There are 2 protein chains.
Amino acid sequence: MKRKVSLKDIATEANVSAAAVSYVLNGQEHRVSPDMAHRIKTIARKLNYRPHHIARSLKTRRTNTIGLVVANISYRFTTGITRAIEAEAKKHNYSVLIGSSDEELPKFNDLINVLVDRDVDGLILLPVDQSEKEIKELIKSDTPFILMDRYFPDIPTSYIALDNYRAAQEYVDYLAALGHSNVAFINYDASMYHLRERTRGYVDAMKRHKLPANAKWNKTIRREMFDDDMRKAIDQVCAQPSEKPAIIFASDTLAIKGIRYLNELGKRIPEDISVISFDESEAFELFNCPVTHGRQPLEEMGRMAVQTLIDVMENENVNRQVLLRSGFVKGGSCGER
Amino acid sequence: MKRKVSLKDIATEANVSAAAVSYVLNGQEHRVSPDMAHRIKTIARKLNYRPHHIARSLKTRRTNTIGLVVANISYRFTTGITRAIEAEAKKHNYSVLIGSSDEELPKFNDLINVLVDRDVDGLILLPVDQSEKEIKELIKSDTPFILMDRYFPDIPTSYIALDNYRAAQEYVDYLAALGHSNVAFINYDASMYHLRERTRGYVDAMKRHKLPANAKWNKTIRREMFDDDMRKAIDQVCAQPSEKPAIIFASDTLAIKGIRYLNELGKRIPEDISVISFDESEAFELFNCPVTHGRQPLEEMGRMAVQTLIDVMENENVNRQVLLRSGFVKGGSCGER
DNA sequence: TAAATTTTGTTAATCGATTAACTATTTTTA
DNA sequence: TAAAAATAGTTAATCGATTAACAAAATTTA
């Protein structure tokens, strides 16, 4: 690649010092005469000057880059949130470096190190299960960061997340209002707080409606026994000799697998069973019945994440916790129509 | 953030010059005595030295970063290829900066400029429709880059893509072998070469089988009239008073929309009509019939893309064109079983 | 009018690492 | 043993931009 035009080239051409050029090109015009400012800007444009970020960063200690560690690049949530974050970052003149932890702690750590090594100015993290220790280390290291989608209530960090507790309650309320009294909840058995909040919301809402939320209805799936556990859970829910049941799936992956098994069993949705999924999925597109599901306010999350991170970067003691309300898309999978 | 440990800190502590430290830490150990090399490495480890990429880049003019411009971050193809590229890039000690053009030419140009401004060492591009001019400019600018998935046969660039011509023929052959003689092809009307190759493959294969590939069967959809054109195309295909037809959709988005409309029409797949999709989609997951589709060799594409780009970066006159063979996943949407 | 202030610049150090060019010492070769 | 070569380092310039500190000239103030 050819060498680019440098500040000095402009300075030479304009017969002034490099400092003057730097001032003019960085909003410090008032330090030189209007004439000179104009001359420099004209020449810069003529030579098609592009500032050399690297050199600037070396001096300013800022790279105008933020690091984003997502849980898995192929989640639907990821693509949406990435897009929103990049858009907002661009507005503030930041680029985004993305890494995917694939939900694995070692990769998560690696990525943080790589990004910090690359001198990102700050980090937006979707922490993986069991990463509390790492997050605490990160606080100590003085690296500006915020958590997103997932967080640890006991660790005082800034975060932007969904109000999962509230969303879960709303789903139960919705099903209860439709006359359901047998509402199952199928969740991963992960220790992640945002997932536990979903279960807590379910349980509390069921109690409030005086409906059962015991082990018969409140199910967990181990990732390493995904298929088996899912089958067992659904078999048990369907075995209850009572009125038409409903299942709330705590994630899209759970919903897809669950609905597939319900299909295998010949259960019709919503005639034989109602279904709600916490997240949406492309897989619902061609399903014979539109699936009622939550909708994460991705744009808003992305926007707030970037804005909050910038605040944190600019002011060490910013500490902001945001819980956003989930949207709710009524399909037909609860027999709505 | 705290100041990091610098080369100089190590030099001071070890009582040697910074140059010596630099040599030792960059595989030039032979320039100093084993003793000293050992002492320096010990101290570097003790102080937890992390090289300052920015400073290094300023001097070496390399950032060890490659830029990737995808067509749309939410395509399934994108997530897969991104993952593959990042993995391979990491092996070669490169980071990846990603941008999404959303199939829009102005965004595509912007992104290239942003990435070049950020001093990426090279670019992997999925060019958008009508971007020939920009690609030619890029060649002139001496920026190392390769094209991926899409390319322009008249522009001498390196590229990694699918053999779309061949894949389309294979689908026709497959349908013909199943006894189909009415095979429709539904494609976008875009001018992009990789899409035209799909149509060309279809037409040539139909001719070879002495089957009709005229306007009745060979359909195009305008993006700006997507729904209308799709309905018309499918209505016409279904209106042909003849035996059971088949449709090959030239992309997953076309397939999803098409299958939805077939559903609306009450057409059963594969009883009333056979369907093949060029690309796979998550949306097929919950469809009542597994959809027969192509499968792009993502890992291989990503690997070859990074390797080729590195070759191009290291050696100006590398010019490599690679056409990979698509995979083929037989579902049941052609009445296979 | 003299002092103080503002305007309009410049100079030079600096960020952290790389590397060509050099020196001094030791070892090898002929 | 003298010359050549290898070994073991160091010095100092450099990458491109930023910015504190300075200085000369012009303008304002008292």
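Helix H4 of chain B is where I would like to begin, since H4(B) gives the most to the surface near DNA strand C, with 5 residues, and I should say at once that what we are looking at is a predicted model. In all, 27 residues surround DNA strand C, and the closest of them are Ser17(A), Arg31(A), Ser33(A), Leu7(B) and Arg56(B). By type, that surface divides into 13 nonpolar, 7 polar and 7 charged residues.

Turning to the DNA side, of the strand C atoms within 4 Å of the protein, 61% belong to sugar or phosphate, and the rest belong to bases. On the phosphates, a polar side-chain atom of Ser33(A) is placed 2.2 Å from a phosphate oxygen of strand C, while for Ser22(B) an N or O atom in the side chain lies 2.9 Å from a phosphate oxygen of that strand. A base is reached as well, with a polar side-chain atom of Arg31(B) at 3.2 Å from a base nitrogen of DNA strand C.

Let me now move to the two protein chains. Their contact takes 52 residues from chain A and 53 residues from chain B, and together the chains bury about 4,600 Å², of which 53% is on carbon and sulfur atoms. Between chain A and chain B the count is 9 salt bridges, including one from Arg50(A) to Asp117(B), in which the closest N and O atoms are 3.4 Å apart. On the chain A side of this contact, the elements giving two or more residues are helices H4, H5, H6 and H11 together with strand E2, and the residues on that side divide into 17 nonpolar, 16 polar and 19 charged.

Key: Residues numbered from 1 in each chain as written. Chains lettered and ligands numbered in written order. Predicted model: local features only at pLDDT ≥ 70, side-chain atom pairs only at ≥ 80, totals over all residues. Heavy atoms only, no water. Contact = heavy atoms within 4.5 Å. Buried area = accessible area lost by both parts, 1.4 Å probe. Salt bridge = Lys/Arg side-chain N within 4 Å of Asp/Glu carboxyl O. Helix = DSSP H or I, 4+ residues; strand = E, 2+ residues; numbered from the N terminus. Nonpolar A, V, L, I, M, F, W, Y, C, P; charged D, E, K, R; others polar. Near = heavy atom within 4 Å. Polar contact = N/O pair within 3.5 Å; in protein donor to acceptor, adjacent residues only side chain to side chain.
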